[in-house]
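Here are a few friendly notes to read alongside the model. Take them in order, with the structure open as you go.

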Amino acid sequence: MQHTINSEAISIAKALGIILMIIGHTGCPDWMFSFIYLFHMPLFFFLSGYCFKDKYLDDKKTFIQHRIKGLYVPFVKYNLLFIVLHNLLYPLKIYEHSYSWNEILNKCLQTLFMGYTETDLGQYWFLRYLLLSALAFLLMRYVTRKNPNIIRYGFWIIALLSIPCNYYQFSHIISSIMLLSLFFYCAGYAFQSKSFTAHSGVIAACFLSVALASIFIHSSMLRMKTEDILPYCLIALTGVYATFALSHRIAVTKTFLKKMLVYVGNHTMVILTWHFLLFDFISLFYLKHILCRPFSSVEVEGLHLELGGIHSVIYTVMGITIPLLLQWLFSTKNIKRLLRKQ
């Protein structure tokens with residue numbers, strides 16, 4: 001029973017993280033944006049480290065295969081698909097220009113090395129760094145297999161190393177983004193033995209701390225000020241703890257909210273993949289049929305950021321529900337079920 005609750009809590013935490021990500025992409029108020037970006041992406045790296053099992057130290061091949069299947073394959077598959085869709089959707093003014101054959105070939109080759117994310121898939125940077133941090137952590141954990149406490153108590157060294165990397169703008173494997181991704185991955189592993197059962201007052205206090213910190217810290221994992229790195233890491237872990245503790249409280253209930261969040265958390269990839277392209281279609285419809293005026297591709301791409309207000313809620317709800325609905329409709333199992341009813 002406890003194992004079930006814990007797995008459900010992980011799914012709920014993932015759901016809360018993806019919902020926060022969608023809200024952050026919709027042109028929400030600045031104060032909300034600053035609050036969300038202090039911890040929502042660290043949450044996913046943390047959860048991945050939290051789920052790491054030491055049994056993989058003796059079965060590294062399986063771990064690597066799972067990460068390749070779960071991260072590399074979707075990255076390549078959907079990047080290639082979106083490259084194909086680009087020229088097909090160009091006449092709708094969703095994109096500013098079409099690709100030549102040379103551009104298509106070059107982008108496809110870069111995709112195979114995870115060096116390129118297609119328009120409307122910029123969020124896939126997360127898959128690249130999650131794969132790299134997972135492989136780096138496996139190596140670290142293998143080297144320290146006789147003394148796991150080196151990671152459990154020494155992962156803050158990684159945050160310290162990210163300071164000069166960010167200051168000197170190193171790129172690729174030793175970039176500050178990579179090191180911060182690894183930091184939160186290690187933090188998740190370090191907190192495996194910790195309890196996340198907290199009083200609602202403690203959870204509220206943690207979220208309040210993040211909100212207050214967002215007044216002074218305006219960095220994110222992708223846009224980090226060097227002086228913000230250590231306070232960012234600390235406050236991000238505070239937000240992660242509060243979110244995971246809240247998830248555990250929801251997991252022990254028997255409510256529709258719990259069922260909904262578990263479902264969303266188990267299908268985060270489809271939401272991550274399609275929400276930006278869906279935003280483009282919503283904006284296209286709004287410009288063409290509601291505003292009824294000529295428009296450019298630049299307006300289509302950025303309209304969701306400009307509208308704000310109630311439109312942010314609309315984009316959020318549709319950005320979550322429509323990908324889930326389409327996945328359900330096009331699921332092989334559900335198609336067979338519908339055909340049997342005919």
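1. Let's begin with how the chain folds back on itself. Among contacts between residues at least 6 apart in sequence, 78% join residues at least 24 apart. Please keep in mind throughout that this is a predicted model.

2. What does the secondary structure of the chain come to? You will find 16 helices and zero strands. The radius of gyration is 21 Å, close to the 20 Å that the globule rule gives for 342 residues, so the chain is as compact as a globular protein of that length. Along the principal axes, the C-alpha atoms fill a box of roughly 60 × 50 × 50 Å.

3. Next, the inside and the outside. Of the 342 residues, 49% count as buried. The accessible surface of the chain comes to about 17,700 Å², and carbon and sulfur atoms account for 67% of that surface.

4. The charges deserve a look too. The chain has 29 positive and 15 negative charges, and the mean positions of these two groups are 16 Å apart.

5. Now for the core. Which residues touch the most other members of the largest nonpolar core? In this core of 108 residues, they are Phe52, Phe126, Phe184 and Phe244. Try displaying Phe184 with its partners: leaving aside residues up to four places away in sequence, Phe184 touches Pro42, Phe45, Phe46, Met221, Tyr232, Cys233, Ala236 and Leu237.

6. The loop between α5 (101-112) and α6 (125-143) is worth a pause, with Met114 as one of its residues. Although Met114 is not a glycine, its phi is positive, at about 55°. Is Met114 buried or exposed? Its relative accessible area is 8%, which is under the 20% cut-off, so Met114 counts as buried.

7. Asp120 lies in the loop between α5 and α6 as well. Phi of Asp120 is near 75°, a positive value in a residue other than glycine. With a relative accessible area of 10%, Asp120 is buried.

8. Finally, turn to Gln169, which lies in the loop between α8 (156-167) and α9 (176-190). Gln169 has a relative accessibility of 61%; the cut-off for exposed is over 50%, so Gln169 counts as exposed. How far is the C-alpha atom of Gln169 from that of Thr226? The two C-alpha atoms are separated by 9.9 Å, while the residues are 57 apart along the chain.

Technical notes:
Residues numbered from 1 in each chain as written. Predicted model: local features only at pLDDT ≥ 70, side-chain atom pairs only at ≥ 80, totals over all residues. Heavy atoms only, no water. Helix = DSSP H or I, 4+ residues; strand = E, 2+ residues; numbered from the N terminus. Rg over C-alpha atoms; globule rule 2.2 N^0.38 Å. Buried < 20%, exposed > 50% of the residue type's maximum accessible area, 1.4 Å probe, protein only. Contact = heavy atoms within 4.5 Å. Areas by Shrake-Rupley, 256 points an atom, 1.4 Å probe, with all protein chains shown as cover. Lys, Arg positive; Asp, Glu negative; His and termini not counted. Charge placed at Lys NZ, Arg CZ, Asp CG, Glu CD. Core = buried A, V, L, I, M, F, W, Y, C linked by side-chain atoms within 4.5 Å.
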